[in-house]
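Thanks for making the time this morning. I would like to walk through one model with you, going from the sheet outwards to the helices, and I will keep to what can be read from the coordinates.

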Amino acid sequence: MSYSDDHLRTILKRTKTIAVVGVSANEIRPSYYVARYLSLKGYRVIPVNPGLAGQTLLGETVYGDVSEIPDDVDMVDIFRRSESVPPIVTASLARWPNLQTIWMQIGVTHPEAAAEAQARGVDVIEDRCPKIEYQRLFSELRMAGFATGIISSKLQL
C-alpha cells in the first residue's frame, strides 16, 4: 500500500485516542511497545484484548471488545491476523459513527474490510505501524529496534 507522507502525518496529528486491538501485556511483544510508545507521545491508548479484559494496562482498563469501550476513539489500531479484521472493523464502525481511522499493523491487510470502512468515509491504513510512521515523519527514527539487515557487534554510525 502506498500512502503519502502528508496523509499519514494528517492522521497522526488529528488522532487523540486510539483503541489498540490485540495488545499484549508482555513488554517484549510489538503490540505492547507500540501501545506504550503511542501513550508516551500523548495519545490516549485504550487496550483491547479479551484475555486481559478488566485488567489495567498502560493506565487504562482493558476491554474485551471494541463494542465495550465507553469512550469515543479516533483510531482503531489492529494487531490481529488479517482474517480477524472484518468483525473488528464492522464492530468499530457500529460503535463509533464518527471514527476517523482504521489502522492495520505491518503484515495485516483486508481489502474487503478496508472497503467497508472507506465506504463510511473512514481513512484506512494497511500494513504499516503508527509507531514507525510517527518516528519517521516527526524526526524520531532511531536505528535501535529496527532490522537493519546488518549483523554486527559494533554500533553502526
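Strand 1 and strand 2 pair in the parallel sense, and 5 bridges hold that pairing; please keep in mind throughout that this is a predicted model. Within this pairing, Val21 stands opposite Val48 of strand 2. The connection between the two strands goes by way of helix 2, and strand 1, helix 2 and strand 2 together make a β-α-β unit that is right-handed. As for strand 2 itself, which covers residues 44-48, 4 of its 5 residues are buried, so it is largely enclosed by the rest of the structure.

Let me turn to strand 5. Strand 1 is joined to strand 5 by 4 bridges, and these two also run parallel. Val21, which I have just placed opposite Val48 in strand 2, stands opposite Ile78 in strand 5 as well. Strand 5 is in turn joined to strand 6 by 4 bridges, again with the strands running parallel, and here Val76 stands opposite Ile102 of strand 6. Between these two strands the chain passes through helix 3, and this β-α-β crossover from strand 5 to strand 6 is right-handed.

Which way do the side chains of strand 5 point? In a regular strand, side chains alternate between the two faces of the sheet. In the model, Met75 and Asp77 point one way from strand 5, whereas Val76 and Ile78 point the other way, and all of them are buried, the aspartate included.

Helix 3, residues 85-95, has as its buried residues Val85, Ile88, Val89, Ala91, Ser92 and Leu93. What do the buried residues of helix 3 pack against? Their partners are strand 1, strand 5 and strand 6, together with helix 4, which spans residues 111-119.

Now to helix 5, residues 130-137, whose packing against helix 2, residues 30-40, is at an angle of about 45°, with the axes 9 Å apart. Helix 2 and helix 5 are therefore oblique to each other. On the helix 2 side the contact is made by Tyr33, Val34, Tyr37 and Leu38, and on the helix 5 side by Pro130, Lys131, Tyr134 and Gln135. By class, the residues of this contact between helix 2 and helix 5 divide into 6 nonpolar, 1 polar and 1 charged.

Helix 5 also packs against helix 1, residues 5-14, in this case at an angle of about 110° and with the axes 10 Å apart, and helix 1 and helix 5 are therefore roughly perpendicular to each other. Here Asp5, Leu8, Arg9 and Leu12 of helix 1 meet Pro130, Glu133, Tyr134, Arg136 and Leu137 of helix 5. The contact of helix 1 with helix 5 has 5 nonpolar and 4 charged residues, with no polar ones.

I will finish with a single residue, Thr61, which lies in strand 4, residues 60-61. Is Thr61 buried, exposed or partly exposed? Because its relative accessibility is 35%, Thr61 counts as partly exposed. Leaving aside residues up to four places away in sequence, Thr61 touches Ile46, Pro47, Gly54 and Gln55. From Thr61 to Val45, the separation is 16 residues in sequence and 9.9 Å in space, taken C-alpha to C-alpha.

Notes
Residues are numbered from 1 along each chain as its sequence is written. This is a predicted model: local features need pLDDT of at least 70, side-chain atom pairs count only at pLDDT 80 or more; totals for chains, interfaces and linings use all residues. Side-chain values use heavy atoms; hydrogens and water are left out. Axes are lines fitted to C-alpha atoms, for helices over the stretch in contact, and angles run from 0 to 180 degrees between N-to-C directions. Angles under 35 degrees count as roughly parallel, over 145 as roughly antiparallel, 65 to 115 as roughly perpendicular and the rest as oblique. Contact means heavy atoms within 4.5 Å. Ala, Val, Leu, Ile, Met, Phe, Trp, Tyr, Cys and Pro count as nonpolar, Asp, Glu, Lys and Arg as charged, and the others, Gly among them, as polar. Buried means under 20% relative accessible area, exposed over 50%, partly exposed in between (1.4 Å probe, protein chains only). Two strands pair if DSSP finds at least two bridges between them. A crossover is right-handed if, with the strands pointing away from the viewer, the path from the first strand over the helix to the second runs clockwise.
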